[in-house]
Amino acid sequence: MDEIARALSLSSLFAGCDAAKLRFELRRFPSGRMLSDCPAGVSSVGLVTKGRVDVYSVALDGRDVLLSSLGAGECFGICNLLADGEMETVLRCGVDTHIAYISKSCLLGLLHEDVEFALRYAALCNEKLQFLLGKIELLTVQSCRGKLISWLTLHADARGMVAWKASRDELARHLSVSRAALFRELGSLQECGAVRAQENGFQILDRQRLEDRMRETENA
């Protein structure tokens, strides 16, 4: 239960909720296992308590594109809470992962009972909508440099930090660019002092220089 309580404390949705009342069921999965938001036929929301879940979209040609990676405290199955079917995404454990499942019927009951929880749920859905709009904007960019700079600026926090928990190869897939092109553009941005690579992501050091690089790409 300590593991679930810690994940709840990290969650923007469940922070402050009583784990005993939510009736979570903890399950453990090996790296590479495909996940569902309907385990054993029960429509559910999954809360990552340990490990990492990679979320992919599958294109018509069969290629999978990494959309995001979920860590401890993050959920899947949230946005289709009021829909009957599963989400049209692929969920895969990036490492050995623990998931706490809660049935959607239980969650719907909590939404009816707790106004503050309902507002947090609405805020989370808004965040996910903004994320998807950003992804759509990113898809309209053609060049590797443009995609990389757009991604960095879109995901940077107030300190210029861009969190990325997966590998550089996964980032290339996420941006739908080749590994070689990504490494070349990352190297160029680091050499000019615009970006610094770190263990768990990147830091934007000079946003103006990034914007100048983007304009150079647009005018090329």
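Visitor: At about what angle does helix H3 run to S8?
Guide: This is a predicted model, in which local features need pLDDT of at least 70, side-chain atom pairs count only at pLDDT 80 or more, and totals for chains, interfaces and linings use all residues. Residues are numbered from 1 along each chain as its sequence is written, and side-chain values use heavy atoms, leaving out hydrogens and water. Helices (H or I, at least four residues) and strands (E, at least two) are DSSP runs numbered from the N terminus, while axes are lines fitted to C-alpha atoms, for helices over the stretch in contact, with angles from 0 to 180 degrees between N-to-C directions. Helix H3 (residues 104-113) lies across S3 and S8, and its angle to S8 is about 60°.

Visitor: Which strands stand at the edges of the open sheet, and why is one side of each left without a neighbour?
Guide: Two strands pair if DSSP finds at least two bridges between them. The open sheet has 4 strands with antiparallel pairing, in the order S1-S8-S3-S6. Each edge strand has a single partner strand, so one side has no neighbour in the sheet; these strands are S1 (25-29) and S6 (75-76).

Visitor: Which residue in S8 is the bridge partner of glycine 46?
Guide: Strand S3 (residues 44-50) is joined to strand S8 (residues 97-103) by 6 bridges in the antiparallel sense. Within S8, the bridge partner of glycine 46 is tyrosine 101.

Visitor: What angle does the direction of helix H1 make with that of S3?
Guide: Contact means heavy atoms within 4.5 Å. Helix H1 (residues 2-10) packs on the sheet and touches S1, S3 and S8. Its direction and that of S3 make an angle of about 100°.

Visitor: Which residue in S5 stands opposite aspartate 54?
Guide: Strand S4 (residues 53-58) and S5 run antiparallel and are joined by 6 bridges. S4 also pairs with S7, in the antiparallel sense over 4 bridges, where valine 53 has cysteine 93 as its bridge partner. On the S5 side, aspartate 54 faces serine 69.

Visitor: Is leucine 91 buried or exposed?
Guide: Leucine 91 lies in strand S7. Not counting residues up to four places away in sequence, leucine 91 touches Arg33, Met34, Leu35, Val53, Asp54, Val55 and Phe76. Buried means under 20% relative accessible area, exposed over 50%, and partly exposed in between (1.4 Å probe, protein chains only). At 9% relative accessibility, leucine 91 is buried.

Visitor: Which residues of the lining are the closest to the centre of the largest pocket?
Guide: On a 1 Å grid over the protein atoms alone, a pocket is an open set of points where a 1.4 Å probe fits, with protein on both sides within 12 Å along at least five of seven lines; lining residues have an atom within 4 Å of a point. The largest pocket has a volume of about 1,300 Å³, a volume being the space filled by probe spheres set on the points, which are joined across faces, edges and corners. Of the 46 lining residues, the closest to the centre are Ser68, Leu70, Glu74, Lys128 and Phe131.

Visitor: Which element gives the most to the lining of the largest pocket?
Guide: Elements that each supply at least two lining residues include strand S2 (34-35), helix H5 (144-155) and helix H4 (115-140). The most, 7 residues, comes from H4.

Visitor: What is the phi of arginine 23?
Guide: Arginine 23 lies in the loop between helix H2 (19-22) and S1. At 61% relative accessibility, arginine 23 counts as exposed. Most residues other than glycine have a negative phi. Arginine 23 is not a glycine, yet its phi is positive, about 55°.
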